[in-house]
Structures are given as structure tokens and as C-alpha cells.
Amino acid sequence: MSRRYREPGIEIESYTSITDDYAGAHDSWWGVAKMHVKAQDHDLPFLLANELICCRLAAAIGLPVLPGEIALHPNGRKCWVTPQVSHAGVTVPPTRGQEVVAAHAPTIAGALVFDCWVLNEDRHEENFLFHPSLGIWLIDHDDALAGSDGRRFNTFAKTTDMTLGWHGFQSTELPLEALRFWAWRVKNAPMGAIDLALNEANARGLLPKANGATLRKLLRDRKERIDTLVDRFVAPLRSYVGTDDEPSLFQP
């Protein structure tokens, strides 16, 4: 039996009329949407910071990622909140098998390059949401960077060029042009985008300044060497050389 999919969207559970200046010129409402809420864990102090930073950086280089924000739970715990991707109450499932590679190999290549950059060793099939015709979304980055518990910060003081230890798509044959494209996007990511993400995490009380400075160096060093890092981990980029011209992701 073939799998059935529904068109993704954000499920709005209730609507309230807007009676002030926020209403604008067109029909609009305040809506209450169904969201996925991930609470901070006292034993994992960098969990929310990692989610926020990686979400901002993935969006900055053009990867599809669910938008997320920090919210406060009624019990006082900070949370990472993302929209539930669903339609008519049916949630878009995580990926299964190689179907996602067949449908969206260039984006999978982007996820692999991005994960090499941010040291995300938790990219498996269920850390995507997937619809075969509309696309995929990257989710779950809480153990990237220094780890949700901060265990890698001591390592970063010695080196920043460690190879990614594991990736669910490491052995998957991915298009070389897509790997080159995303390596170019990472290498040319502006430091301003990195600073914005780190500063936001600090301003929201999720990342001390000293740790932010360490992550800034890590992300700067690794983006400058991203082609080498990817080359050491997966199929070679075959002497990829960064240029001022952006390579095309959809060459004939």
C-alpha cells in the first residue's frame, strides 16, 4: 500500500478578531496555533542555545528549517517552540527509508555539509520532516556545536577542525554539484549572520559570552575549511575551490 501525504501547513486551532491598528487593510486575525514545545533541561544547559543558533544559521545559508522561537512555560522553564507541520490535524511524518534521498538529494547534501559545519552528529532520517512534492525541513539540533551538555568546549580550546563522527547519510551517494553548492554557501556565510545568532542566544540568557566567543571561533574556522572537512568525511569534493561566483545547484 502506498503512503498517503497531506499538504503541510500550520494548524490554527482558534481565531480572534483584531480590533486595533494591528488589523491592517486586509482580513486578519490573532490565531492560536498548535506548536511543538521542547523544554530546557537543567542537565543540558546548551540545549536551547544550540537549537536557536543552528536554526538561524541554517536559514541564513538557505536550508529549509522550521522557524523557532524561545518561549516561557507556565512553570518558568524556557522552551524552544516550532510550528507543528500538519494539515487537517494530520502531522507530516518524519522520513523513512531512502525515499527522501530520491526526492530531495540536493537538500540532503546541504544538511550533510551544514552538519559538518556545526558538528551535528545526530542527523538521521527522523530528524527531517518530509513531504514528497513540497520538500523537507531540518529539525532537532540540540546536540550540535559543543553538545547540549557543553562537553566539547574543552576540546574546542585545543582544536576546531575535528571530523564529524557520524551522520545518517554519510554512506549515501549524494550529487557532487550539490555538495559543492552548499560548501560554497557555508564558506561564504557572513560573520554577521554568525554574530547575530550568537548574540541572540546570549541576549535570551541561553549562552554565556565566554562560550559564545568559543563558538564564534569554531564556526569561523570550520566555515573557512568546510570543503576539507566534508572531503575528509564523505565522497571527495574533488579539489573544490571557492570562488566569488556562486555555483548552481540545478545545473542540467
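## Exercises on a predicted model

The structure holds six aromatic pairs (Phe, Tyr or Trp rings, the six-membered one for Trp, with centres within 6.5 Å). This is a predicted model, in which local features need pLDDT of at least 70, side-chain atom pairs count only at pLDDT 80 or more, and totals for chains, interfaces and linings use all residues. Residues are numbered from 1 along each chain as its sequence is written, and side-chain values use heavy atoms, with hydrogens and water left out.

**Exercise 1. Classify the ring pair of Phe153 and Phe156.**

Step 1. Take the geometry: the ring centres are 6.2 Å apart and the planes stand at 80°.
Step 2. Apply the cut-offs: under 30 degrees is stacked, over 60 is edge-to-face, and the rest is tilted.
Step 3. Phe153 and Phe156 are therefore edge-to-face.
Step 4. Place them: they lie three residues apart in helix 3 (residues 153-156), so about one helical turn separates them. Helices here are DSSP runs of H or I with at least four residues, strands are E runs of at least two, and both are numbered from the N terminus.
Step 5. Extend the picture: ring pairs link Phe46, Phe153 and Phe156 into a cluster.

**Exercise 2. Describe how helix 2 and helix 4 pack.**

Step 1. The axes of helix 2 (residues 99-118) and helix 4 (residues 176-187) come within 8 Å and cross at roughly 40°. Axes are lines fitted to C-alpha atoms over the stretch in contact, with angles from 0 to 180 degrees between N-to-C directions.
Step 2. The two helices are therefore oblique to each other. Under 35 degrees would be roughly parallel, over 145 roughly antiparallel, and 65 to 115 roughly perpendicular; the rest is oblique.
Step 3. List the contact (heavy atoms within 4.5 Å). Helix 2 gives Pro106, Ala109, Gly110, Val113 and Trp117; helix 4 gives Ala178, Leu179, Trp182, Ala183 and Val186.

**Exercise 3. Compare Asp140 and Leu145: which is buried, which partly exposed?**

Step 1. Locate both: Asp140 is in the loop between strand 9 (135-138) and helix 3, and Leu145 is in the loop between strand 9 and helix 3.
Step 2. Check the backbone. Most residues other than glycine have a negative phi. Asp140 has a positive phi of about 65°; Leu145 has a positive phi of about 55°.
Step 3. Read the accessibility. Asp140, at 27% relative accessible area, is partly exposed. Leu145, at 0%, is buried. Buried means under 20%, exposed over 50%, and partly exposed in between (1.4 Å probe, protein chains only).
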